[in-house]
Every structure is written in structure tokens, then in C-alpha cells.
Amino acid sequence: MPSPTPLVINSTISSGAALTNLGSNFLERLGNQSSNGFNRLQRTNPGGGGASESTEAPRYRTWFEGYGFSGRNGAIGDFVGDRRTTWGGVAGIGARVAPGINVGFSVDQSRSSIDIPLALQSATIDLTQLGFTASVDSGAWTWASAVVHGFGDINSHRDTGLGLASAGYNARLDGVLSEISYYWSKDQGRVVPKAAFEYVRARTGALQEIGGLDPVAATSATVQRGRLLIGAEVGHYWIFDGKILDLSGYGKFVDNVVQNFSDITVSLGTQSITLQGIGESQYGADAGASASLSLTNTARLYVNYDAKFRAAMQSHQGTLGVEVKW
């Protein structure tokens, strides 16, 4: 019986990395709900630039988002590289429970497609994520935190030359984010320096392929990543016809201070090999931009663009959302 090769589980390695990044993306979007400079302005001065800061802000808010994601990972060792696309939606609700204290809960549902043409493999990830947020404003300072729990299913397919070998297995992830920011403003512009720590742990279950030639089995795999993010947001808003248009951009330096990968044992009959997952480069950068249009004191439309740049990975995400307060 032939021995399995590292190539046969490229889709499993890719799925673990993709799952970790899906958790990170959701954590950072949740953190941005609390620390975004325009959201901070609306909490302290909900009536806009000319309004008194004593104006009573709506206590509750809900938001709905749709997003699309495109990314690619270059070849690393035995991994030949992939292309990834994700489509998803988010629904959330938040409340001001006391002056300067806000909490929120949201649900993210997504489907990701992974294509690995050089290995003749593909995979899909159907993932549900539950997110909890809290923030505290104290003067110009904001401390924001987010917790995420995700669960879902992965389905992989491998062209063996004599049919497809397929497998289905589960996916789990947990993550936390803690961010501190300082809101500095002048006239209708702002600069918001930020520093954050993020930790994500993702796990893919054991698998047994069926069909095709020489279907393989693989053990479960775990990825753990802790990183620091340091950067700033710059923004400006304009008031016209009772509406507020806000434009902003941000940049972050990323340091992956911890990346741990469990071994994956791949078996074909009595033969087996042991491999390890892939991670990001230690250093990288995130950048993005946002446009927000407040139609009234209680309704807002927004669009976001987010990009991540690593040594062997790049990704781009667009988000369209609506927020309603009462």
C-alpha cells in the first residue's frame, strides 16, 4: 500500500488557517463597533457637531451587515497555496446600560469556499459565530472587549484521478479581543490611536475520506494565535441637510507574538505521515477605510473596506451595513 503524501491534506491545512482568520475578522469587526471614532462621537454627542453634549442618546441599537471576502495564501513548505472567498451576514443588538457603558450581542453566519487548484482540492466551511461585546468610555479613553464562539462544518473534496475522495468534519473556534483607544478631536476631524491584543483558538475535527483512489484519514488539528495590533484611525465628518457624512481610514501594525500548531497525522492503511499546519508571517499590516451616512439621529448606512497584508497572504473584505437606534 502506498504511503500518503503531504499534498493530500492541503485542504485540511487551509481550512484550519481560514477558520482562524474568520474568527479574527469577526473579533475585529466587533471591536470596531465600540472603538470606531464616529461611533464614539455619536455616543458622546448624538445630535452631531452643533448639538449639546447633553443631548440624550438612543439607548438601544441594532445593526445588519452583509459582507464579502477574497483572499489568497501563497505556497509555504508542503502547502501549495490557495484562493478563498467568503460571503456572510451579521445581525446584532446593543444597549447602553449606564452612562459610558455599552454591551452588545451579534450573530455571524458565513460560507467560505477554498480552492487549491495545484493540489486538485477544494473545501467549504459553513460557520456560525456568536459574539459578545462590552465597552467603557472614560473621558477621551475607551476600553473595548469582544468574545467570540464559533461552530460549523467543513466539507472537502480531492480529485484522485479515479473519482473524488470526500470528507466531512466539524469546526470550532473561540477568541477574545481587548482594545484601548484614545479619542482626540479638533473641529470636525479626529485622530484615534489604538492598541489591542487578540487571541484565537481554532480546531478542525478528525476526518475519514470516502470514495476515490486511496482515501486517507487524518487526526484533528488545533491552531492557536495571539497577536498585538497597534495603529490609528483618522476621520472627518460633514453636516448637511440634517445628515452627517463621515469618512475615515486606519492602519495597524500586526505582530503575531504566538502561533502554535498541533501535529496532523495522515493515515492510509498501515502507512502514515505527520505534518503541521501553516500560519501567518510574524509581522504584517492591516489597513482600511469607512464611509458612514447618518440619515437621522436613529438611522445610519455605512460601508467598510478592510485589507490584510502578510508575507504570504493577502485578503480584502467589503462590508455594507445599516444601523438603527431607539
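Let me start with Ile9 in this predicted model, and with the residues around it: leaving aside its neighbours within four places in sequence, Ile9 is in contact with Gln121, Ala218, Ile264, Val266 and Leu275. Two of those names come back when we turn to the largest nonpolar core, which has 44 residues, because Ile9, Ile264 and Val266 are the ones with the most contacts inside it. As general background, nonpolar side chains in soluble globular proteins tend to be buried together.

Which helix gives the most to this core? That is helix H1, residues 10-35, which contributes 8 residues. Helix H1 is mostly covered, with 25 of its 26 residues buried. We can also check its length: at 1.5 Å a residue, the 26 residues of H1 should span 38 Å, and since its end C-alpha atoms are 37 Å apart, the two values agree. Apart from the largest core, there is a second, separate core of 6 residues, and Phe38, Leu41, Val192 and Tyr237 are among them.

Now to a sheet. Here we have an open sheet of 4 strands, in the order E9-E10-E13-E14, and the pairing is antiparallel. Why is one side of E9 and of E14 left without a neighbour in the sheet? Strand E9 (207-208) and strand E14 (271-276) stand at the edges, and each has a single partner strand, so one side of each has no neighbour there. For E9, the link to strand E10, residues 217-218, consists of 2 bridges, and these two strands run antiparallel. If you would like to find one of the bridge partners in the structure, look for Gln208, whose partner in E10 is Ala217.

How values were computed
Residues numbered from 1 in each chain as written. Predicted model: local features only at pLDDT ≥ 70, side-chain atom pairs only at ≥ 80, totals over all residues. Heavy atoms only, no water. Core = buried A, V, L, I, M, F, W, Y, C linked by side-chain atoms within 4.5 Å. Buried < 20%, exposed > 50% of the residue type's maximum accessible area, 1.4 Å probe, protein only. Contact = heavy atoms within 4.5 Å. Expected span 1.5 Å × (residues − 1). Pairing = 2+ DSSP bridges.
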